[in-house]
Amino acid sequence: MIDADDTLHPDQTHLVLAGGDFLHLDDALYAGYRTVDFAAGVRLVDAVAAEAEALNHHPDVTLGYRNVGFVLTSHDAGGVTDRDVRLAVRIQELAAEQGAPATREAPTRADIAIDCGVADAVRPFWRVGLGYVESGPADDIELIDPRGTGPKVWFQHMEIPRTERNRIHLDVYVPVADCEERVQDIIDAGGVLLADEHAPDWWVLADPEGNELCVCSWN
């Protein structure tokens, strides 16, 4: 039996959300909607706000001209819980009632990984330069944007410096079901597959000049 505060894996949320508006990536559920105008978007947000107040569980909302986005996560539990799933289902219903179709654009998240010998030596440079703050346990400190808009920066320890490749690469996180298609699309666009032994957790690819990108899933 799943408790309301238990964090859920995408395989679990898929049972309820499959074919719907929301996608599960990392520790959150994502959905976007098209509205006929800004006022219609405000009406949808108002309806969702009333429902969120009733459930005492609140989404992050972005509102623009003819578009509304929702991100659901349980911050106290550190991931997606049954509370998020129930609110997602209700948001879908409200959007349908207001004639707002889902955009169904797959969410992505990009992180910057920096190879280094001593993370404590290089981290302050990037923290100050980017205006970021430190986050995480003492043995695995990452840098995050306090405004919540920039990519996370993490540091990958290397005992022996790699001189044959860039020391900085990007990690892009996409829904598990989309990973293989994304990898193939990158190859079709001129990319080279360097390693897939860790798939389906991540694939390592490079552009024609050797700059690397990892396509990652969340499991």
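**Exercise 1. Overall make-up**

Determine how many helices and strands the secondary structure of the chain comes to, and describe how the chain is divided into domains.

Solution. The secondary structure of this predicted model comes to five helices and 12 strands. As a next step, take the extent of the chain: its C-alpha atoms fill a box of roughly 55 × 40 × 40 Å along the principal axes. Within that box the chain is divided into domain 1, residues 10-103, and domain 2, residues 109-216, and the C-alpha centres of domain 1 and domain 2 lie 29 Å apart. Turning to burial, 37% of the 219 residues in the chain are buried. Finally, consider the contacts between residues at least 6 apart in sequence, of which 61% join residues at least 24 apart.

**Exercise 2. The four-stranded sheet**

Work out the order of the four strands in the open sheet, and explain which strands stand at the edges.

Solution. The order is E1-E2-E4-E3, with antiparallel pairing. Strand E1 (23-25) and strand E3 (60-64) stand at the edges, because each has a single partner strand, so that one side of each is left without a neighbour in the sheet. From one strand to the next, the twist averages 20°.

The pairings can then be taken in turn. E1 pairs with strand E2 (residues 28-34) in the antiparallel sense over three bridges, and Leu-25 stands opposite Ala-28 in E2. E3 and E4 are likewise paired in the antiparallel sense, over five bridges, with Asp-60 standing opposite Val-71 in E4. The last step is to place a helix against these strands: helix H3 (residues 82-97) lies across E2 and strand E4 (67-72), and runs at about 5° to E2.

**Exercise 3. Backbone angles to check**

Find where Asn-56 and Arg-66 lie, state the phi of each, and then identify the peptide bond that is cis.

Solution. Begin with the general expectation: most residues other than glycine have a negative phi, and most peptide bonds are trans. Asn-56 has a positive phi near 55° although it is a residue other than glycine, and its place is in the loop between helix H2 (38-55) and E3. With a relative accessible area of 62%, Asn-56 is exposed.

Arg-66, which is not a glycine either, has a positive phi of about 65°. It lies in the loop between E3 and E4, and the hairpin of these strands has two residues between them. Arg-66 is partly exposed, at a relative accessible area of 41%.

The cis peptide bond is the one from Ala-199 to Pro-200, with omega near 10°. Pro-200 is found in the loop between strand E10 (192-195) and strand E11 (202-206).

**Exercise 4. Cysteines without a disulfide**

Explain why Cys-116 is in no disulfide, and establish whether Cys-116 is buried or exposed.

Solution. A disulfide is a covalent bond between the sulfur atoms of two cysteines, and the cut-off applied here is a pair of sulfur atoms within 2.5 Å. The closest cysteine sulfur to that of Cys-116 is in Cys-214, at 15 Å, which is too far for a bond. Cys-214 is itself in no disulfide, the nearest cysteine sulfur being that of Cys-216, 5.4 Å away. The structure accordingly holds zero disulfides. As for burial, the cut-off for a buried residue is under 20% relative accessible area. Cys-116 is buried at 3%, and Cys-214 is buried at 8%.

**Exercise 5. Helix H4 and Gly-20**

Compare the reach of helix H4 with the span expected at 1.5 Å a residue, and then find which residues Gly-20 is in contact with, leaving aside its neighbours within four places in sequence.

Solution. Helix H4 (residues 119-130) has 12 residues and reaches 16 Å from its first C-alpha to its last, which is close to the 16 Å expected. H4 is followed by Gly-131, whose phi is positive, near 70°.

Gly-20 has its place in the loop between helix H1 (10-17) and E1, and at 23% relative accessibility it counts as partly exposed. Leaving aside the neighbours within four places in sequence, Gly-20 is in contact with Gln-92 and Arg-104. To relate Gly-20 to Val-128, note that they are 108 residues apart along the chain and that their C-alpha atoms are separated by 42 Å.

Technical notes. Residues are numbered from 1 along each chain as its sequence is written. This is a predicted model: local features need pLDDT of at least 70, side-chain atom pairs count only at pLDDT 80 or more; totals for chains, interfaces and linings use all residues. Side-chain values use heavy atoms; hydrogens and water are left out. The expected span of a helix is 1.5 Å times one less than its number of residues. Domain bounds come from an automatic or database domain assignment. Buried means under 20% relative accessible area, exposed over 50%, partly exposed in between (1.4 Å probe, protein chains only). Two strands pair if DSSP finds at least two bridges between them. Axes are lines fitted to C-alpha atoms, for helices over the stretch in contact, and angles run from 0 to 180 degrees between N-to-C directions. Contact means heavy atoms within 4.5 Å.
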